[in-house]
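Here is a friendly walk through a structure you may be meeting for the first time. Keep the picture beside you as you read, and take your time with each stop.

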Amino acid sequence: MIAPDALLDATFAALADPTRRAILARLAEGEASVSELATPFDMSQPAISKHLKVLERAGLVTVARDGTRRPRRFNPEPLSDARACIERYRETWEQSFRRLDALLDELQRRDAGGAEGDPQPKEEA
Amino acid sequence: MIAKPHAAEVTLPSEREVRVVRSFQAPRDLVYRAHTTPALVQRWMLGPPGWSMPICEVDLRVDGTYRWGWRSDEDGKEFGFHGTFLEVDPPARLRHTEFFDAGNIDEDMGAGHAVVTLHFAEQDGITTLTTNIEYQSQKDRDAAMSTGMTDGMEMSYQNLDKLLETDAAG
């Protein structure tokens, strides 16, 4: 059992590469064997296998059994963790930025009405 | 009618970087000022509700240093960042190092520091701020992003969906 943080690291690492993201996008449409994946990506089977290993370690791809075939399948579950992490991070920024929106509004109103003898701006107090 | 500002977008441009893009209904000299004047910074750079920013010291010049410190009003937890300005080019660009001060919280943000670049671009009265944070390793970046300072936030998964769609299309 991989610790949740380590799995998150593996997920980020797996997603950092554009080829691996493209492989995931392909597998999201349906399972495919290594040779089926190698053709559209114009890569050798060992090269594809190497990318698949990284994706498997991150839990994003599983190996199915179908007779002698070993089709790869997309497993979206770890993405929820990674997405939730990015979204929490984004939301933290967004909360501050909403306050900045309000502050910028206030500063612009003050600048516009400056000649009317506004109180001393706080930032110069 | 004033258009609603775009929500912040978070992307991962490389293994060691995270980028945050947000636009504001204000000229860029004002957005720049709000990022560099301590009394203004202290009014908005607060993260989740319940945190205040009692420490904000800024010596705004190349090789000048800054120190930011936050405090949770609820339980007295404290943490901060400090660093040195590498580029100061008002009102277009700022670049500084960022070291994490753990204070009295348990979060492990990684031992390394980050280099933060802020780029302010103005068009038709709208300022788009791009904040690029480059860590020394992917591990440091992921640790920083995983730090749980926020709870119970609503989840929407559009950013990574978009990332995956873009790559699938390209």
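The paragraphs below go through chain A and then chain B. Please bear in mind that this is a predicted model.

Let us begin with chain A. Its secondary structure consists of 5 helices and 2 strands. Following the sequence, you meet these elements in the pattern α-α-α-α-β-β-α. Chain A has 125 residues, and 27% of them count as buried. Now think of its contacts between residues at least 6 apart in sequence: 52% of these join residues at least 24 apart.

A good place to pause in chain A is helix H4(A), which covers residues 45-57. How far apart are the end C-alpha atoms of this helix? They are 18 Å apart, and this agrees with the 18 Å that 13 residues should span at 1.5 Å a residue.

Next, look at which way the residues of H4(A) point. A:Ile48, A:His51, A:Leu52 and A:Leu55 are buried. Viewed down the axis of H4(A), the buried residues fall within an arc of 105 degrees, so they line one face of the helix. A general rule helps in reading such a pattern: an α-helix has 3.6 residues a turn, so residues three or four places apart point the same way. On the face of H4(A) turned away from the buried side, you will find the exposed residues A:Pro46 and A:Lys53.

H4(A) also has a helix packed against it, namely H2(A), residues 18-28. The axes of H2(A) and H4(A) are 10 Å apart and make an angle of about 75 degrees. Angles of 65 to 115 degrees count as roughly perpendicular, and the two helices H2(A) and H4(A) are therefore described in that way. Which residues meet where these helices pack? From H2(A) come A:Thr19, A:Arg20, A:Ile23 and A:Leu24, while H4(A) brings A:His51, A:Val54 and A:Leu55. Two of these names may look familiar, since A:His51 and A:Leu55 are among the buried residues of H4(A).

Two backbone details sit on either side of H4(A). In the loop between helix H3 (34-41) and H4 of chain A lies A:Asp42. Its phi is near 55 degrees, a positive value in a residue other than glycine. Is A:Asp42 buried or exposed? It counts as exposed, because it has 7 C-beta neighbours inside 10 Å, and a residue with 12 or fewer is placed in that class. Just after H4(A), A:Gly59 takes a positive phi too, of about 75 degrees.

Now move over to chain B, with its 4 helices and 8 strands. Starting at the N terminus, the elements run β-β-α-α-β-β-β-β-β-β-α-α. Chain B has 170 residues, of which buried residues make up 23%. Among its contacts with a separation of 6 or more, 41% are between residues 24 or more positions apart.

The strands of chain B form an open sheet of 8 strands with antiparallel pairing. To trace the sheet from side to side, follow the order E1-E2-E8-E7-E6-E5-E4-E3. Strands E1 (9-11) and E3 (51-58) of chain B stand at the edges; each has a single partner strand, so one side of each is left without a neighbour in the sheet. From one strand to the next, the twist averages 20 degrees.

Strand E8(B) lets you see the pairing in detail. It is joined to E2(B) by 8 bridges, and one partnership between them links B:Phe24 with B:Thr127. E8(B), residues 126-135, is also joined to E7(B), residues 114-123, by 10 bridges. Here B:Leu118 has B:Thr131 as its bridge partner, and B:Val116 stands opposite B:Ile133.

The hairpin of E7(B) and E8(B) has 2 residues between the strands. B:Asp124 is found in this loop and has a positive phi of about 50 degrees although it is not a glycine. With 4 other C-beta atoms within 10 Å, B:Asp124 is exposed.

Two stops remain. Helix H1(B), residues 28-36, lies across strands E2, E3, E6, E7 and E8 of chain B, running at about 155 degrees to E7(B). Finally, find the loop between strand E5 (78-89) and E6 of chain B, where B:Pro91 lies. The peptide bond from B:Pro90 to B:Pro91 is cis, with omega near -5 degrees.

Methods
Residues are numbered from 1 along each chain as its sequence is written. Chains are lettered from A and ligands numbered from 1 in the order in which they are written. This is a predicted model: local features need pLDDT of at least 70, side-chain atom pairs count only at pLDDT 80 or more; totals for chains, interfaces and linings use all residues. Two strands pair if DSSP finds at least two bridges between them. Axes are lines fitted to C-alpha atoms, for helices over the stretch in contact, and angles run from 0 to 180 degrees between N-to-C directions. Two residues are in contact if their C-beta atoms, placed from the backbone, lie within 7 Å. The expected span of a helix is 1.5 Å times one less than its number of residues. A residue is buried if 20 or more other C-beta atoms lie within 10 Å of its own, exposed if 12 or fewer, and partly exposed in between; C-beta atoms are placed from the backbone. The arc is that of the directions from the helix axis to the C-beta atoms. Angles under 35 degrees count as roughly parallel, over 145 as roughly antiparallel, 65 to 115 as roughly perpendicular and the rest as oblique.
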